[in-house]
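Here is a friendly walk through one protein chain, going from its sheet to its core and then to an annotated site. Keep the viewer open and follow along.

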Amino acid sequence: MEETIFIPTPLGVAKLVGDENGLSAFTVLNSDEKLTDIIPEVLEDAVYQINEYFDGKREVFTLDLNPEGTDFQKKVWDALLTIPFGKTTSYLELSKTLGDVKAIRAVAAANGKNPLWIIVPCHRVIGSDGSLTGYAGGLHRKQWLLEHESPFKQTSLF
């Protein structure tokens with residue numbers, strides 16, 4: 001049976017959906033939901049690993065994933081999993097990795113449909129010119145995530 005829970009994160013309340021086959025969705029909401037008091041066993045590891053990520057103690061997720069999507073979308077999402085923590089790539093480079101430079105728009109569209117934010121790191125894809133481009137969670141969250149993963153931490157002068 002699929003379970004849905006809501007947990008706090010530094011980016012807002014997150015919604016997790018999953019079952020014994022794996023995690024099918026992880027998104028951060030733009031609204032407040034009642035936080036889940038008791039985490040179902042099938043989602044305990046996901047919550048633990050997500051908390052470790054936000055605490056700066058995890059760079060790679062080791063979860064069973066079960067997102068719904070087309071074969072092409074899943075191919076793009078699998079490619080996203082190869083982008084290392086603290087690194088970025090462009091939509092063009094991602095298209096080249098997938099073997100079709102002309103598929104850049106389709107790759108970008110599949111990236112935008114990723115239901116497993118952060119875990120499948122769509123936030124690590126930027127414009128060819130280095131600009132932050134679309135992110136379903138908003139550019140402020142994308143920037144936060146990239147700064148969180150950056151090996152060069154910004155420090156205050158004052």
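## Sheet, core and an annotated cysteine

Phe 6 has Lys 15, a residue of E2, as its bridge partner. Please keep in mind throughout that this is a predicted model.

That bridge belongs to the pairing of strand E1 (residues 3–9) with E2, which is antiparallel and counts seven bridges. A hairpin with two residues in the connection joins E1 to E2. E2 (residues 12–19) also pairs with E3, again in the antiparallel sense, here over six bridges. Two residues separate E2 and E3, and this turn is a hairpin as well. The cross-strand partners can be picked out one by one, and three of them are set side by side here.

| Residue | Stands opposite | Strand of the partner |
|---|---|---|
| Phe 6 | Lys 15 | E2 |
| Ala 14 | Val 28 | E3 |
| Gly 18 | Leu 23 | E3 |

Taken together, the three strands make an open, antiparallel sheet in the order E1-E2-E3. E1 and E3 are the edge strands with a single partner each, so on one side each of them has no neighbour in the sheet. On average, neighbouring strands are turned by 20° against each other, with direction ignored.

How buried are the strands? In E2, six of the eight residues are buried, which leaves the strand mostly covered. For E3 (residues 22–28), the count is seven of seven residues buried, so the strand is largely enclosed by the rest of the structure. Being an edge strand leaves E3 without a sheet neighbour on one side, yet its residues are buried all the same.

Helix H1 (residues 41–54) lies across E1, E2 and E3, and it runs at about 145° to E2.

Next comes the interior. The largest nonpolar core has 36 residues, and Leu 16, Leu 23, Phe 26 and Ile 118 are those with the most contacts inside it. At least two residues of this core come from each of E1, E2, E3, H1, helix H2 (71–80), helix H3 (91–97) and H4. H1 gives the largest share, six residues. Domain 1 (3–55) and domain 2 (71–149) each contribute at least three residues to this core.

Ile 118 is a good place to zoom in. Leaving out residues up to four places away in sequence, Ile 118 touches Leu 11, Phe 26, Tyr 53, Phe 54, Phe 61, His 123, Tyr 135 and Leu 145. Among these contacts is Phe 26, which is also listed with Ile 118 among the core residues with the most contacts.

Now for the annotations. An unreviewed UniProt entry lists residues 6–66 as "domain: Methylguanine DNA methyltransferase ribonuclease-like". Over that range the chain is 23% helix and 31% strand, and the C-alpha atoms at its ends are 18 Å apart.

Which residue does UniProt list for "active site"? The unreviewed entry names Cys 122. Cys 122 sits in the loop between helix H4 (104–112) and strand E5 (125–126). Is this cysteine buried or exposed? With a relative accessibility of 4%, below the 20% cut-off, Cys 122 counts as buried. Its contacts are Leu 80, Asn 111, Asn 114 and Tyr 135, again without residues up to four places away in sequence. Tyr 135 is thus a contact of Cys 122 and also appears in the list for Ile 118.

Note on methods:
Residues are numbered from 1 along each chain as its sequence is written. This is a predicted model: local features need pLDDT of at least 70, side-chain atom pairs count only at pLDDT 80 or more; totals for chains, interfaces and linings use all residues. Side-chain values use heavy atoms; hydrogens and water are left out. Buried means under 20% relative accessible area, exposed over 50%, partly exposed in between (1.4 Å probe, protein chains only). Helices (H or I, at least four residues) and strands (E, at least two) are DSSP runs, numbered from the N terminus. Two strands pair if DSSP finds at least two bridges between them. UniProt positions are given in the numbering used here, feature names are shortened, and annotations may be inferred rather than shown by experiment. Axes are lines fitted to C-alpha atoms, for helices over the stretch in contact, and angles run from 0 to 180 degrees between N-to-C directions. Contact means heavy atoms within 4.5 Å. A nonpolar core is a set of buried Ala, Val, Leu, Ile, Met, Phe, Trp, Tyr and Cys residues joined through side-chain atoms within 4.5 Å. Domain bounds come from an automatic or database domain assignment.
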